[in-house]
Amino acid sequence: MRSSWSAFYQDQEALLQELYAGINLDIFLRDLIDILKVRSSNFILDLEHSEYSVSDFERQKLEEQFLKGTPLSTLLGFAEFYHNSYYVDQHVLIPRPETEYMVDLLVQEFKGKIQRVLDVGTGSGVILLSLLNSGVGKSGVGVDISPEALRVAGINAQRLRLKHRASMIKSDRLTKVEGIFDLIVSNPPYIKASSHKNLVHVSVDKHEPHQALYLPDDYYVLWFEDFFQEVRAHLNGTFMMEGHELELDDQALMLGRLGFKDIKVSPDLTGVKRYVKARFTQS
Ligand SMILES: C[S@@+](CC[C@H](N)C(=O)[O-])C[C@H]1O[C@@H](n2cnc3c(N)ncnc32)[C@H](O)[C@@H]1O
């Protein structure tokens with residue numbers, strides 16, 4: 001049975017714009033249809049009328065998820081990131097443009113120049129796999145505390161034919177990591193669970209894994225101090241991390257106290273402080 005998506009969008013447009021903060025529904029619909037074409041045997045594309053049809057059951061399921069604010073990428077099962085499409089599900093953070101920008105900065109600086117890369121909190125694997133795919137590092141390791149996230153990262157390594165160059169390891173920060181790396185990169189959880197929470201969009205809080213987003217307020221400083229010490233033990237080169245605009249200056253000072261050099265806090269493309277970068281050389 002045919003059912004019109006455009007009628008649904010017209011009815012729900014105000015709510016969807018609020019839930020999905022300024023989404024371009026036409027582009028989203030196009031992507032959704034591409035996925036459905038592949039996934040659903042009930043799907044019929046009526047090119048002549050530019051209308052899209054799915055079974056009532058399929059449509060109802062999608063509408064329900066839409067109206068709960070499920071991230072579009074989770075719904076679609078993929079996210080675009082740095083020239084590639086990555087499999088994502090509810091167990092991983094949906095990759096963000098500011099992370100993509102960090103990757104781009106690293107590609108510009110390190111393409112063809114380094115051997116080994118470590119990505120801490122790899123999630124879907126987007127940072128590590130994009131770097132390797134762009135010629136930053138001959139091999140790399142992605143670590144995550146979440147086995148479900150590592151499964152997603154493994155799928156993406158396979159899809160990008162990078163399995164032979166990327167190992168995925170379950171580890172609490174760097175505790176299970178061995179060896180020395182030329183580049184250590186991370187987009188760790190960096191939102192304070194209480195005091196920063198009011199800055200988080202309600203649908204992010206509701207639909208993305210809390211382990212990927214939050215750290216307890218009273219453990220925050222210690223978490224990063226331990227993290228930086230672990231990074232120091234495995235780094236002979238550059239460390240770059242995405243972080244919280246209200247915390248990065250203190251974290252830069254902490255890196256200095258721990259003996260890192262050439263420390264720099266820099267903004268993302270919206271002008272918000274977003275990254276700290278530093279160097280450490282093994283003696
Ligand atoms: C902000 S997400 C980043 C995911 C991905 N790298 C990206 O940029 O889209 C943080 C990731 O760190 C992982 N994580 C949280 N605590 C961790 C820990 N103690 N050790 C290792 N990974 C951790 C989470 O499971 C999550 O996948």
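Is tyrosine 214 buried, exposed or partly exposed, and how many other C-beta atoms lie within 10 Å? Tyrosine 214 comes out as partly exposed, because 19 other C-beta atoms sit within 10 Å, and the cut-off for buried is 20 or more. Everything in these legends comes from a predicted model.

**Figure 1. The whole chain, before we zoom in.** This predicted model has a protein chain with eleven helices and 13 strands. Of its 283 residues, 31% are buried. Take the contacts with a separation of 6 or more: 63% of them are between residues 24 or more positions apart.

**Figure 2. Tyrosine 214 and its surroundings.** Here's the residue from the opening question, sitting in strand S10 (residues 214-215). Leave aside residues up to four places away in sequence, and tyrosine 214 touches Pro189, Ile191 and Ala193. Serine 194 is 20 residues away along the sequence, with a C-alpha to C-alpha distance of 8.9 Å from tyrosine 214.

**Figure 3. The shell around the ligand.** There are 22 residues around the ligand, and Gly121, Gly123, Ile145, Asn187 and Ala212 come nearest. Three elements give two or more residues to this shell: helix H6 (126-133), strand S6 (139-144) and helix H9 (210-213). By character, the shell splits into eleven nonpolar, eight polar and three charged residues.

**Figure 4. Leucine 129 in helix H6.** Leucine 129 lies in helix H6. Why does leucine 129 count as buried? It has 27 C-beta neighbours inside 10 Å, and the cut-off is 20 or more, so leucine 129 counts as buried. Not counting residues up to four places away in sequence, leucine 129 touches Asn156, Ala157, Leu160, Leu162 and Ala166. Glycine 140 is eleven residues from leucine 129 along the chain, and their C-alpha atoms are 8.4 Å apart.

**Figure 5. Helix H5 and its two faces.** Helix H5 runs over residues 97-110, which makes 14 residues. From first C-alpha to last it reaches 20 Å, close to the 20 Å expected at 1.5 Å a residue. Thr99, Met102, Val103, Leu106 and Phe110 are buried in H5. Looking down the axis of H5, you find these buried residues within an arc of 100°, so they line one face of the helix. The spacing is no puzzle: an α-helix has 3.6 residues a turn, so residues three or four places apart point the same way. On the face of H5 turned away from the buried side are the exposed residues Pro97 and Gln108. And what covers the buried residues of H5? Included in the cover are H6, S8, S11 and S13. Just after H5 comes glycine 112, with a positive phi of about 75°.

**Figure 6. Strand S11 and its two partners.** Strand S11 (residues 235-242) has six of its eight residues buried, so it is largely enclosed by the rest of the structure. S11 runs parallel to S8, with five bridges joining the two. With strand S13 (residues 273-280), S11 runs antiparallel, and six bridges join that pair. Phenylalanine 239 is a handy residue to follow here: its bridge partners include isoleucine 184 and, in S13, alanine 278.

**Figure 7. The hairpin of S3 and S4.** Strand S3 (residues 78-81) and strand S4 (residues 84-87) pair in the antiparallel sense, over four bridges. Alanine 79 is opposite tyrosine 86 in S4. The hairpin has two residues between the strands, and tyrosine 82 takes a positive phi near 45°.

**Figure 8. Two loop arginines with positive phi.** Most residues other than glycine have a negative phi, which makes this view worth a look. Arginine 161 has a positive phi of about 55°, and you'll find it in the loop between helix H7 (147-159) and strand S7 (166-170). With 9 other C-beta atoms within 10 Å, and a cut-off of 12 or fewer, arginine 161 is exposed. Arginine 173 also has a positive phi, near 45°, and lies in the loop between S7 and strand S8 (181-186). For arginine 173 there are 18 other C-beta atoms within 10 Å, so this residue is partly exposed.

Definitions and conventions: Residues are numbered from 1 along each chain as its sequence is written. This is a predicted model: local features need pLDDT of at least 70, side-chain atom pairs count only at pLDDT 80 or more; totals for chains, interfaces and linings use all residues. Two strands pair if DSSP finds at least two bridges between them. Two residues are in contact if their C-beta atoms, placed from the backbone, lie within 7 Å. A residue is near a molecule or strand if its C-beta atom, placed from the backbone, lies within 6 Å of it. Ala, Val, Leu, Ile, Met, Phe, Trp, Tyr, Cys and Pro count as nonpolar, Asp, Glu, Lys and Arg as charged, and the others, Gly among them, as polar. The expected span of a helix is 1.5 Å times one less than its number of residues. The arc is that of the directions from the helix axis to the C-beta atoms.
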